[in-house]
Amino acid sequence: MNNAFFLVLRRMRAPIILLIALYGISVIGLTLVPGVDAAGQPAAPLSFFHAFYFISYTATTIGFGEIPNAFSDAQRLWVIVCIYLTVVGWSYSLVTLIALLQDKGFQNTLTTNRFARRVRILKEPFYLICGCGETGSLIAHNFDRLNQAFVVLEKNELRVQELDLQDFKTDTPALAADARLPDNLLLAGLKHPRCRGVLAVTNDEESNLAVAIAVRLLNPDIPVIARSRSPAVKANMASFGTDHIINPFERFADYLAMAVAAPERFRLIELLTGLPETPIPEPHRPPAGHWILCGYGRFGRAVAERLQPAGVTLTIIDPSTKEASQGIVGDGTEAATLKQAGIESASGIIAGSDNDVNNLSIAVTAAKLNPQLFVVTRQNHNANTPLFEAFRGDFSMVPSHIVAQECIAILTTPLLARFLARLRDKSEDWSQHLVVRLQGLCDGLTPTVWGIRLNISEAPAACLALIDSPPFRLGEILRDGRDRTQPLAAVALMVERSDECFLLPDDNFRLAADDHLLLASPLDTRRNLALTLHNENELNYVLTGQEQSGSWLWQRLRRMQPSQ
């Protein structure tokens, strides 16, 4: 009964039956009451057709007159009764209909049907985002910037309404529903042939686990990315074959340890995995030595496990005597506690509690006691960004940003993970050289990292040219499609060919059909190069400088002509 039409019929059943009964009584009565003719003599009652016609326009308060002859007093008396009966019947029907339209359940049914219809008619590949809080909203905005379609399931109706008010390029299908329920996932297109993946990024770990399990059972062919914080839930997700499990605490701890041990490599990863075309963050150079860790929950444990092997000694401050059994009991907001932990001689401090106000208080107090201190702050809520920006700490951990960045990187550039895996063998000098090149691409903004395969579906013009003609070099296509004398602001990070990977290929690298390219560039450059590789005329101009015109069919016919 989810169909709105049948729901209306069910709710309006009593008023409709009442109206039918009243109409029947009125019509039958007119066929029984005798009338008068023009001479005032008794005449036969109205026929069934004339009686039905008269009641139809009288009961709807239209009014027309007495037909086919003037009525007798008995007929007029019966018509008076009919008028009041049908007015009451119509009033009851209208009141019931208005109540139905205001009913929350009926409105939800209409919204759900409209959402399902919009998802059903999607013609382009899309991703299903489960949860549209801070993380989901960041992912949605970046998908929109990349012209990537997506569908949203969010339990909080207010967030869905806020989503409708935001300036997305397209009208995004969004539904206020619980993503844990398999029926809602199916309604949102889980089995849609265009669905390319599911992102379980709600704030509830159990909900993310339920989504991951449902995807694995209902549509195991598509990837699922899930957010998790506790080891138990992460292990449960892994047992169901979840493709990517993102723990923002562990990921940030890895980044912080890498920033201490290999700052240039961390800087490179920061640029490659950052949200596209956002301001490039300031370089982070956390020193080794003695640090103070305030808060020893799940975040604090993840940081401690990774910092200590990097050569950092820690003093732990935590309100729980159990957690601070080998440290100091307190929350770190008091100067006395920080002095007891050795703040004057410490190299850094991590304000890592689950309370943003306490973290800011810890950071401000510590910075006053030791101005040379490297301050790391944990920001739990994106709404507090102005406060953390006003403080200007050295390093800030925002869970929603970490999860969003990794989701975008995994889904939009799957080749990036294989590139990052090869960075472990590279020196700091190699990383620094690449960082300098990337920072010069977008005038202070983070470059867009993207991949394209030179095949018929993604780059048909380039694929056909590589098959029919001698192979061209990488540098030959990295030219502006509007003016080939100008090079494109792009860096080729890697070319994957079968089982071989070529890191940072130079301009003389010869391409082959089905090569998979990983590039970093501004968004405008990405569109420019994608058009060059897709359009035969554009590619010919970039490679030869000759401008050709004509349709795709004309170009095909020209190639089929024998050479003279």
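Good morning. I begin at the N-terminal end of helix 23, which is capped by N535: a side-chain oxygen of N535 lies 3.0 Å from the backbone nitrogen of N537. Please keep in mind throughout that this is a predicted model.

Helix 23 covers residues 536-544, and N537, E538, L539, N540, Y541 and V542 are buried within this helix. After helix 23 comes G545, with a positive phi near 85 degrees.

I turn now to the sheets. One open sheet consists of 4 strands in the order 15-18-16-17, with antiparallel pairing. Its edges are strand 15, residues 448-453, and strand 17, each of which pairs on one side only. On average, and with direction ignored, neighbouring strands of this sheet are turned by 15 degrees against each other. As a general remark, the strands of a sheet pair through backbone hydrogen bonds, in either a parallel or an antiparallel manner.

Let me go through the pairings of strand 16. Strand 16, residues 491-497, and strand 17, residues 500-503, run antiparallel and are joined by 4 bridges. Within that pairing, V495 has F502 of strand 17 as its bridge partner. The hairpin of these two strands has 2 residues between them, and S498 takes a positive phi there, near 55 degrees. Strand 16 also pairs with strand 18, residues 516-521, in the antiparallel sense, over 5 bridges. Here E496 has H516 of strand 18 as its bridge partner.

Between strand 17 and strand 18 there is a loop that contains D514. D514 is not a glycine, yet its phi is positive, at about 75 degrees. Is D514 buried or partly exposed? Its relative accessible area is 41%, so D514 counts as partly exposed.

The second sheet has another arrangement to consider. In it, 6 strands form an open sheet in the order 11-10-9-12-13-14, and the pairing is parallel. Strand 11, residues 328-329, and strand 14 are the edge strands, each pairing on one side only. Strand 9 and strand 10, the latter spanning residues 312-318, run parallel and are joined by 6 bridges. In this pairing, H290 has T313 of strand 10 as its bridge partner.

The loop between helix 12 and strand 9, where strand 9 spans residues 289-294, holds E277. E277 is another residue to note for its backbone: its phi is positive, about 55 degrees, although E277 is not a glycine. With a relative accessibility of 28%, E277 is therefore classed as partly exposed.

For this audience, the pockets may be of particular interest. How much space lies in the largest pocket? The value is about 1,200 Å³. The largest pocket is lined by 32 residues, and those closest to its centre are P281, E282, H284, S396 and H401. Two or more lining residues come from each of helix 11 (248-261), helix 12 (263-273), helix 16 (385-391), strand 14 (395-397) and helix 17 (399-412). Helix 12 gives the largest share of this lining, with 4 residues. Sorted by class, the lining of the largest pocket comprises 14 nonpolar, 13 polar and 5 charged residues.

The second largest pocket has a volume of about 850 Å³. Which residues lie closest to its centre? Of the 27 residues that line the second largest pocket, they are Q148, T412, G451, E458 and R526. At least two lining residues are supplied by each of helix 17, helix 18 (414-421), strand 15 and helix 22 (523-534). Helix 22 makes the largest contribution to the lining of the second largest pocket, 6 residues. By class, this lining divides into 12 nonpolar, 8 polar and 7 charged residues.

The elements listed for the two pockets can be set beside the sheets. Strand 14, an edge strand of the parallel sheet, is among the elements giving two or more residues to the lining of the largest pocket. Strand 15, an edge strand of the antiparallel sheet, supplies at least two residues to the lining of the second largest pocket. Helix 17 is listed for the largest pocket and also for the second largest pocket.

I close with A212, which is located in helix 9, residues 205-218. Its relative accessibility is 1%, so A212 counts as buried. A212 and I225 are 13 residues apart along the chain, and their C-alpha atoms are separated by 7.8 Å. Thank you for your attention.

Technical notes
Residues are numbered from 1 along each chain as its sequence is written. This is a predicted model: local features need pLDDT of at least 70, side-chain atom pairs count only at pLDDT 80 or more; totals for chains, interfaces and linings use all residues. Side-chain values use heavy atoms; hydrogens and water are left out. Two strands pair if DSSP finds at least two bridges between them. Axes are lines fitted to C-alpha atoms, for helices over the stretch in contact, and angles run from 0 to 180 degrees between N-to-C directions. On a 1 Å grid over the protein atoms alone, a cavity is a set of points where a 1.4 Å probe fits but cannot get out, and a pocket is an open set with protein on both sides within 12 Å along at least five of seven lines; lining residues have an atom within 4 Å of a point. Grid points are joined across faces, edges and corners, and a volume is the space filled by probe spheres set on the points. Ala, Val, Leu, Ile, Met, Phe, Trp, Tyr, Cys and Pro count as nonpolar, Asp, Glu, Lys and Arg as charged, and the others, Gly among them, as polar. Buried means under 20% relative accessible area, exposed over 50%, partly exposed in between (1.4 Å probe, protein chains only). A polar contact is a pair of N or O atoms within 3.5 Å; within protein, one must be able to donate a hydrogen and the other to accept it, and residues adjacent in sequence count only if both atoms are side-chain atoms.
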